[in-house]
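Got the viewer open? Let's take a walk through this one together, one selection at a time.

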Amino acid sequence: MNAYLSQVKAIVWKDFVTEFKTRELFSSMFVFAILVMLIFIFSINLSVVGANQVGPGILWVAILFAGTLGLNRSFTLEKENGCLQGLMLAPVDRSAIYFGKMLSNLSFLLIMETFLLPVFMIFFNVDIGSHLGPLLIVVFMGTLGFSALGTLLSSLSSNLKTREIMLPILLYPLIVPIAIGSVRMTGQILDGKSLADMMNWVGLILCFDIIFISVSIMTIDHILEE
Amino acid sequence: MSDASQKSDSPGYGLMGLTAATVLVALGAIFIYVPTERTEGVVQRIMYFHVPSAWIAFFAFFVVFLCSILFLWKKEREWDIYAHASAEIGIVFCSLVLITGPLWAKPIWGVWWVWDARLTSTLVLWLIYVAYLMLRAQSEAGSIRAKYAAVIGIVGFLDIPLIHFSVLWWRTFHPDPKFITTQGIGTGNETSMNITLIVALGAFTLLYFLLMGLRVRLERMKDEIDRIKKERLYSH
């Protein structure tokens, strides 16, 4: 078990080192997320619709779109220098590669979100300070499900000719539960409700996370084969 | 290829005849036998196409799911062919649901489309399997394509209950299913309507199996042609 954990850690560490050296992924994801928010703010009239009604939706669209940028990069980068080949030749379990990539995707996205939430607070004039705890839980659960399924599909789409196009086409219909659930929960939290009032959504998102992490572990062997 | 295997490849004229007969009976029942619904009028007859199409779409996607699991387990080309054929048929019937639904909704609800739970989940389902077929079209033939498709076939089907509940809690105003209710099967409708619906369901199910047989046969022929082409190529 310890050996497995250190394998996962090594893959995450490798991704972080690459990111520290180049700094291209984080900055592009963050700027893109802000741009998505901006476009949405221009396309709706905030003086007519309340910020609390549209804000959560726009926040999550920005997160999911920016996250797709990161996912597209995740396995393409590995392919470029034959790094994936090296990873697969290494005596590690395939699921360790999956977990490593998933955790690095998840942490990049979470770091991006910690910078994005203050921007969201300023743009939409909402007070997130008083509901920070439940909000962070919701953001974490949603991002986990997105990264879990996203990493699996990214490993798959990186081998296709049209990878940048196919990843969102495959991923977006499948993450409908995450999109709806996270937006609903974020909206209710900003309205001052507690997590206990929305246990059905919490259960649904947790089910999503658990089901797709397990499916990924079971099927990753077939995707990372040659 | 021997005669025996060729015979087993053909869809069978028995099934074709039976399907044709059942479809005719179903059409007769829908347009002649069953009385016109009192409040909704003649447009209600679209139900006998709408509901069976929905049933076949879900059934077809379930077959994709099963065949995908069997493929990843046994690695036999056969299961990949079945999954592919079933997904294509599923998309056809799912499209029919999405077309007949608005046609029915416009006179009854007054709008073509509402963001109701069942409509939304059917649309999402359609998008998932369109992506599945696109993935198949994008990747080159071979075991890699089959594996990728199988993974999407499994992930997509497991997602259906989650999508269903998420859009259900989002909002809904579709009429509750009348045919299968909590009181049992067929208590919500008139008897003649139930009979017609059952016949229509039977006809659509037979049609599904007939189309499956034809599509699988086509795919096997493609494999055969590829094999012969390769043989010729290497023999010269």
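In which helix of chain A does A:Ala3 lie? Select A:Ala3 and you land in helix H1, which covers residues 2-22 of chain A. Keep in mind as you look around that this is a predicted model. A:Ala3 has a relative accessible area of 47%, which makes this residue partly exposed. Now add A:Ser74 to the selection and draw a distance between the two C-alpha atoms. A:Ala3 and A:Ser74 are 71 residues apart along the chain, and their C-alpha atoms are separated by 24 Å.

**Stop one: all of chain A**

Zoom out and colour chain A by secondary structure. You should find nine helices and zero strands. Going from the N terminus on, the pattern reads α-α-α-α-α-α-α-α-α. The radius of gyration of chain A is 18 Å, close to the 17 Å that the globule rule gives for 226 residues, so chain A is as compact as a globular protein of that length. If you box the C-alpha atoms along the principal axes, they fill roughly 55 × 35 × 30 Å.

Next, switch on the surface of chain A. About 9,800 Å² is exposed, and carbon and sulfur atoms supply 68% of that area. Of the 226 residues in this chain, 52% count as buried. Turn on contacts too, if your viewer can do that: among those between residues at least 6 apart in sequence, 83% join residues at least 24 apart.

One more thing to colour here is charge. Chain A carries 12 positive and 15 negative side chains, and the centres of these two sets lie 5 Å apart.

**Stop two: over to chain B**

Hide chain A for now and show chain B as a cartoon. What mix of helices and strands does chain B have? There are seven helices and two strands. Read along the sequence, the order is α-α-α-α-α-α-β-β-α, so look for the strands just before the last helix in that pattern.Give chain B a surface as well. The accessible surface comes to about 12,500 Å², with 69% of it belonging to carbon and sulfur atoms. Of the 236 residues of chain B, 44% count as buried. For contacts with a separation of 6 or more, residues 24 or more positions apart account for 77% in this chain.

**Stop three: salt bridges along helix H4**

Time to bring up side chains. Side chains of opposite charge can pair when their charged atoms come close. Over all chains, the structure holds 15 salt bridges.

Select B:Arg77 and B:Asp80. They form a salt bridge, with the closest N and O atoms 2.8 Å apart. Both residues lie in helix H4 of chain B (residues 77-109), three residues apart, about one turn of the helix. Is each partner buried or partly exposed? B:Arg77 counts as partly exposed at 30% relative accessibility, while B:Asp80 is buried, at 4%.

**Stop four: from helix H4 to helix H7**

Stay on helix H4 and pick B:Glu88, then add B:Arg215. Their side chains meet in a salt bridge, 2.4 Å from N to O. B:Glu88 lies in helix H4 and B:Arg215 in helix H7 (residues 191-235), so this pair ties together parts of chain B that are 127 residues apart in sequence. B:Glu88 is partly exposed, with a relative accessible area of 25%, and B:Arg215 counts as buried at 14%.

Now slide along helix H7 to B:Glu219 and B:Lys222. This salt bridge spans 4.0 Å from N to O. The two residues both lie in helix H7, three residues apart, about one turn of the helix. B:Lys222 is partly exposed at 44% relative accessible area, whereas B:Glu219 is buried at 4%.

**Last stop: the network and a histidine**

Select the whole group at once: B:Arg77, B:Asp80, B:Glu88, B:Arg136, B:Arg215, B:Glu219, B:Lys222 and B:Asp223. These residues are linked in a network of salt bridges.

Finally, click on B:His84, which lies in helix H4. At 11% relative accessibility, B:His84 counts as buried. Which residues does B:His84 touch, leaving out those up to four places away in sequence? Show B:Tyr132, B:Leu133, B:Arg136, B:Arg215 and B:Glu219, and you have the set. Among them, B:Arg136, B:Arg215 and B:Glu219 also belong to the salt-bridge network you just selected.

Technical notes: Residues numbered from 1 in each chain as written. Chains lettered and ligands numbered in written order. Predicted model: local features only at pLDDT ≥ 70, side-chain atom pairs only at ≥ 80, totals over all residues. Heavy atoms only, no water. Helix = DSSP H or I, 4+ residues; strand = E, 2+ residues; numbered from the N terminus. Rg over C-alpha atoms; globule rule 2.2 N^0.38 Å. Buried < 20%, exposed > 50% of the residue type's maximum accessible area, 1.4 Å probe, protein only. Contact = heavy atoms within 4.5 Å. Areas by Shrake-Rupley, 256 points an atom, 1.4 Å probe, with all protein chains shown as cover. Lys, Arg positive; Asp, Glu negative; His and termini not counted. Charge placed at Lys NZ, Arg CZ, Asp CG, Glu CD.
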